[in-house]
Amino acid sequence: MNALEFILAGMLAAATPFLLAALGELVAERAGVLNLGVEGLMALGAVIAFIIVYQGGGHLLGFLAAGLASAALSLVFAVVALGFRANQVATGLAIGILGQGLSALFGKSFESLTVKGLPKLSLPWLSDIPVIGGLFSQDIVVWLSLAATVAIWAVFAHTKTGLVIRAVGENPKAARALGYPVIAVRFAAVAFGGALAGFAGAYAAVVYTPLWADGMIAGRGWIAIALVVFGTWLTSRIFLGACLFGAVSLASLAAQATGLDVSSQLLSSLPYLVTIVVLGIISSNRRLLKLNGVASLGEPFEQ
Amino acid sequence: MSALSRPLLPVLVRREHASLTVKLVAPPVALGLATLLNLGLYLLMGRDPVAVFHAMLLEPFLSWASFSEVLLKTGPLLLIAQGLAIGFRAKVFNIGAEGQFILGAIFASAIPVWFPQATGQWIWPSMLVIGALGGALWASLTAFWRVKLNANEILVSLMLALVAAQLLNYLLLGPWKDPNGFNFPQSVMFQFDAMVPILIPGTRVNVSLLVACAFSLAAWLFMQRSFAGYKLQVGGLAPRAAGYAGFNEGRAIWLSLLVGGFAAGLAGAAEVAGPLGQLQRSISTGYGYAAIIVAYLGGLHPVGIVFSALLMAALYIGGDNAMVSANLPVAAVRVFQGSLLLAYLVAVAFVRYRLEWRHVARGSTP
């Protein structure tokens, strides 16, 4: 298998934690809430899923529990930031620290243990095509994440629910005047985002690299937040961004495997460096950010 | 509408004047709340909450030996938090102080690593200066990205902190590894003149605590007494008004990040030239992130931050105690830190709001 085939086959799986977490953050931000706690939400979901799968509870239960736990923690964020109108940046950081702390606390006795991942489901015919065939052989969670991406795109593009969420994020006062429950919509959006972050963490811990190590999320939650900016709040571009990061993290693996003389520390920091560079390129186009950005992002709502 | 369909609900109502009393009692209330929550958690984990409480929150203050260790940890937290608070008040969210701290440590270590034979009283002061410049240099990348490229400083500074951690690993596993260090990822031990002099004999508390106090005084003068500090705060509170008044936003961002990076770099330099005496992987136990909590808990005020830095330092020492005496994992300290900040953010909401019970029409939001 050459490097290109390796990257094509593994890209979607590597992209899935980024994709799920970024989609969750997208929904919250569309409703006007900036939740910076994604790293902690993912870490909590990861440890919960790992413990359940390790104890023999199975992947389905593991994912469900991870989603529930992270949604619950994101509701703590919602109560403090939306209920008590605290600074969303500070609240998000606190949730991030708390989630990572809980993750380390619960995961302490599971350090370096492993579980079994999930089998690949191959699409007939397509997965036999040379070179790109690997793209069509993925585990069930990847397929479901792709479906979720399309579903979220459709909700924002074609349904009233999507319109209400965007109205609440664009102009909460106007949305309130039309009779929409601004705070309730924001709570729901944050909880949904939390659940997706939990799934993202679960995927990282029990499918992608099914081994427990403290700090295994390794900045992916932060990159997911950056992905929402890269994608200028558009589902399709966020998907492309997630694929890019999936490819980048695999490329560093491939480079190490082929014995390229690059330090492993440089390769480990590649995703962070790419984030910094792309963030600079996209953000310097102010018009692009204004066009799709969320007007009331991060601002507390008071009637 | 009948009373039945209008349930009695708690509603936050804006006060006419911000309450100074609440502002002063919010930190201790938050500490009490966080303590209760965490003791409950320890009980669930099957630990004796009374023993943990004693080890974590009382023991650090009960003996001179452990209190001197608290003072030692206060230094870096105080420095970093004072620097960050200046930026936070201008609404410039530098959350990558951890990276600036690491760069400060690396820059400072360059002198003893490259000139291990050098002697003279000039060495440790130059290390502090170079370390501070290294931190400011690392932060200047974030400032450039924010001012010139319009990029979000939260994300850029955090990414740079993750890069800094890898840079440290690279140096310690590669060019700066001690050849006689049994392959441990650490530099050579520094020579005597590369160490900050001890301040209180018999303890590890060194002169950098005085530096941190001096920096706190400077931060107070700058924020409360200078026009430049005033401009920064207006920029944070009312960006439009600051714009109309001709206050330069870009300059405020540069200033915030450079001061924050300078202080964090200084703290990093003081850590390697102080208690550690060498560059190692574990130079920071999350000081950069803990300092964010210290800054908020101190009300972003230079005086408040002195108290919150002491408290956070005590939590670190207490956490170590509890690990030994009550078998509590170190991660419990991070859980405590996170819940402490959350409790504070809830408590501080009552500075501007009060709680009222009202009949709220169904469908409307409280």
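# Exercises on a predicted two-chain model

Just after helix H2 of chain A, Gly56(A) adopts a positive phi of about 95 degrees. The structure is a predicted model, and the exercises below start from the helix that precedes this glycine.

**Exercise 1.** Determine how the length of H2(A) relates to the expected value, and how many of its residues are buried.

*Solution.* Step 1: H2(A) runs over residues 38–54, which gives 17 residues. Step 2: at 1.5 Å a residue, a span of 24 Å is expected, and the distance from the first C-alpha to the last is close to this, at 24 Å. Step 3: 16 of the 17 residues of H2(A) are buried, and the helix is thus mostly covered.

**Exercise 2.** Examine helix H5 of chain A: what is its span, and where do its buried residues lie?

*Solution.* Step 1: H5(A) comprises 19 residues, 140–158, and should span 27 Å at 1.5 Å a residue. Its end C-alpha atoms are 26 Å apart, which agrees with that expectation. Step 2: the buried residues of H5(A) are Val141(A), Val142(A), Ser145(A) and Ile152(A). Step 3: viewed down the helix axis, these buried residues fall within an arc of 100 degrees, and therefore they line one face of H5(A). Step 4: a general rule helps here. An α-helix has 3.6 residues a turn, so residues three or four places apart point the same way. Step 5: on the face of H5(A) turned away from the buried side are the exposed residues Ala147(A), Val150(A), Ala154(A), Ala157(A) and His158(A).

**Exercise 3.** Decide how the compactness of chain A relates to that of a globular protein of its length.

*Solution.* Step 1: chain A contains 13 helices and two strands. Step 2: its radius of gyration is 19 Å, and the globule rule gives 19 Å for 303 residues; chain A is therefore as compact as a globular protein of that length. Step 3: along the principal axes, the C-alpha atoms of chain A fill a box of roughly 60 × 45 × 40 Å. Step 4: 51% of the 303 residues of chain A count as buried. Step 5: among contacts in chain A with a separation of 6 or more, 78% join residues 24 or more positions apart.

**Exercise 4.** Describe the side of chain A that touches chain B: which helix gives the most, and what classes of residue occur?

*Solution.* Step 1: the contact involves 41 residues of chain A and 38 residues of chain B. Step 2: several helices of chain A each supply at least two residues to this side, including H3 (59–83), H4 (88–107) and H8 (182–208). Step 3: H4(A) gives the most, with twelve residues. Step 4: by class, the side of chain A that touches chain B has 26 nonpolar, twelve polar and three charged residues.

**Exercise 5.** Identify the residues with the most contacts inside the largest nonpolar core, and the helix that gives the most to this core.

*Solution.* Step 1: the largest nonpolar core has 227 residues, and Ile80(B) and Ala273(B) have the most contacts inside it. Step 2: H8(A) gives the most to this core, with 19 residues. Step 3: leaving aside neighbours within four places in sequence, the contacts of Ala273(B) include Trp124(B), Leu128(B) and Phe190(B).

**Exercise 6.** Classify Leu300(B) and Asn327(B): is each buried, partly exposed or exposed?

*Solution.* Step 1: Leu300(B), in the loop between H11 and H12 of chain B, has a positive phi of about 55 degrees although it is not a glycine. Step 2: Leu300(B) has 20 C-beta neighbours inside 10 Å and therefore counts as buried. Step 3: Asn327(B), in the loop between H12 and H13 of chain B, has a positive phi near 55 degrees. Step 4: with 13 other C-beta atoms within 10 Å, Asn327(B) is partly exposed.

Terms used:
Residues numbered from 1 in each chain as written. Chains lettered and ligands numbered in written order. Predicted model: local features only at pLDDT ≥ 70, side-chain atom pairs only at ≥ 80, totals over all residues. Helix = DSSP H or I, 4+ residues; strand = E, 2+ residues; numbered from the N terminus. Expected span 1.5 Å × (residues − 1). Buried ≥ 20, exposed ≤ 12 C-beta atoms within 10 Å, placed from the backbone. Arc of directions from axis to C-beta. Contact = placed C-beta atoms within 7 Å. Nonpolar A, V, L, I, M, F, W, Y, C, P; charged D, E, K, R; others polar. Rg over C-alpha atoms; globule rule 2.2 N^0.38 Å. Core = buried A, V, L, I, M, F, W, Y, C linked by C-beta atoms within 7 Å.
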